Amino acid sequence: MSYTGQQKNTIKDLLFKMADDQLILGHRNSEWTGIGPFIEEDIAFSSIAQDKIGQSLALYNILHEQLGEADPDTLGFARSEKEFKCCHLVEYPIGEYEFSLMRNFLFAHADYLRFEMLADSSFEPLAKVAKKFRGEIKYHVMHSDNWIKKLGTANDESHSRMQSALNETFNLALGIFEPSEFENELIEMKIFAGEESLKSKWLETIKPILEEASLKLSDEKDWKPSFGGRKGSHTEYLQPLLNEMGEVFRIDAKAEW
Amino acid sequence: MIAKEKILKALEEVKDPEIPTISIVDLGIVTNITVENDFVGITLTPTFSGCPALKVMEDLVREKMQSLGIRNVEVKTNFDVPWNTDMITDNGREMLKKHGLAPPMKHNGLVQIEMLKNVECPHCKSRNTTLQTPFGPTLCRSIHYCNDCLQAFEQFKPVA
């Protein structure tokens with residue numbers, strides 16, 4: 001493949017935001033290990049975390065091997081907050097279980113649809129991993145759909161907790177689709193069909209599931225997407241997380257365990 | 001020059017460290033073998049992006065080749081051929097059962113939650129079983145319960 005410098009930057013921007021989302025959400029979900037509400041959920045969140053971190057590694061590897069960026073450990077642990085391109089949704093602390101569950105539900109559907117679109121990407125290394133990720137993320141979708149439907153309709157308390165979780169996370173989730181300055185190039189180069197197109201597929205997919213779970217979305221006129229993450233402007237929660245994640249790496253970059 | 005068949009035969013002795021009854025060949029993760037003069041190149045494909053056994057398997061393959069006297073070995077992992085559970089051989093499916101795991105059903109590219117609902121119990125063959133959770137002790141397993149023999153069991157879950 002041969003891309004111009006500008007085209008490479010376009011592809012890098014796309015890869016970084018996806019890889020950073022996977023790494024940060026992977027880390028957040030791993031915080032449930034050992035404290036899940038019951039053992040099956042403890043294992044589910046831990047397994048999803050393991051998938052997310054594996055997926056971030058595969059994406060950082062493409063940046064490293066195909067696009068001349070540093071090795072995956074350096075990309076994951078040594079960049080500054082401003083260089084991270086993750087969306088605000090993944091940065092928030094785990095909160096109560098329903099917050100983490102609703103976050104996974106909203107994120108997993110966008111993630112599945114994104115990699116389904118990318119399976120046809122003209123950037124072949126990305127198309128290959130996208131095909132792989134799809135099969136893995138399918139299980140994240142199954143997991144959250146099942147619980148959203150169950151808890152949305154189980155009893156008054158579970159319903160009201162799920163409804164509040166949806167209210168808290170929805171604008172953050174809209175931030176997943178913050179357009180980059182490269183949308184047109186990505187579409188023209190047939191690398192990715194764009195955030196706007198992904199967002200409409202996502203809304204079409206989640207609406208009937210939320211309805212089945214008796215959960216209500218606010219009116220579209222009240223939606224306020226939490227933008228900024230894709231441009232390096234983050235919530236107060238990211239920096240402390242990066243400090244924690246990179247602690248060993250900063251003490252000894254060659255540490256093995 | 002060593003024959004490819006000999007290499008394949010040797011790789012059949014390399015087992016999945018998490019499921020020691022199944023070889024990496026039956027698991028379907030050996031996607032390419034190249035032999036050129038004294039050089040042997042072997043490509044593996046990950047079962048899951050986050051599979052921690054991958055590095056171990058690469059090392060086991062390297063050691064196996066060295067035990068055949070092959071010095072010039074390159075073992076690499078890539079996604080050129082994305083793995084899915086339909087790539088597990090029939091013999092591999094038998095070997096999973098031997099380890100007490102229900103083998104994954106063939107999915108032809110489409111996995112749905114319904115497929116996980118009445119998995120055949122590897123202990124008593126009943127289909128009167130319930131999915132407990134699609135996530136098990138390793139990324140590749142789901143946990144089920146048999147309503148007839150009243151035992152929990154694991155399945156190597158279908159992945160597209």
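1. A quick yardstick to start: buried means under 20% relative accessible area, exposed means over 50%, and partly exposed lies in between, using a 1.4 Å probe and protein chains only. At 4% relative accessibility, A:Ser47 therefore counts as buried. This serine sits in helix H2 of chain A, residues 39-67; helices are DSSP runs of H or I with at least four residues, strands are E runs of at least two, and both are numbered from the N terminus.

2. Keep in mind that this is a predicted model, where local features need pLDDT of at least 70, side-chain atom pairs count only at pLDDT 80 or more, and totals for chains, interfaces and linings use all residues. Residues are numbered from 1 along each chain as its sequence is written, chains are lettered from A and ligands numbered from 1 in the order in which they are written, and side-chain values use heavy atoms, with hydrogens and water left out.

3. Leaving aside residues up to four places away in sequence, A:Ser47 touches B:Phe135, B:Gly136 and B:Leu139 (contact means heavy atoms within 4.5 Å).

4. On to the cysteines. With a disulfide taken as a pair of cysteine sulfur atoms within 2.5 Å, the count over all chains is zero. The B:Cys124 sulfur has its closest cysteine sulfur in B:Cys146, but at 3.6 Å that is too far for a bond. B:Cys140 is buried at 7%, and its sulfur lies 6.8 Å from the closest one, in B:Cys51, so again too far.

5. Chain B has an open, mixed sheet of four strands, ordered E6-E9-E8-E7. Its edge strands, E6 (101-102) and E7 (129-133), each pair on one side only; pairing takes at least two DSSP bridges between two strands. E8 (141-146) and E9 (152-156) run antiparallel, joined by five bridges, and B:Arg141 stands opposite B:Phe156 in E9.
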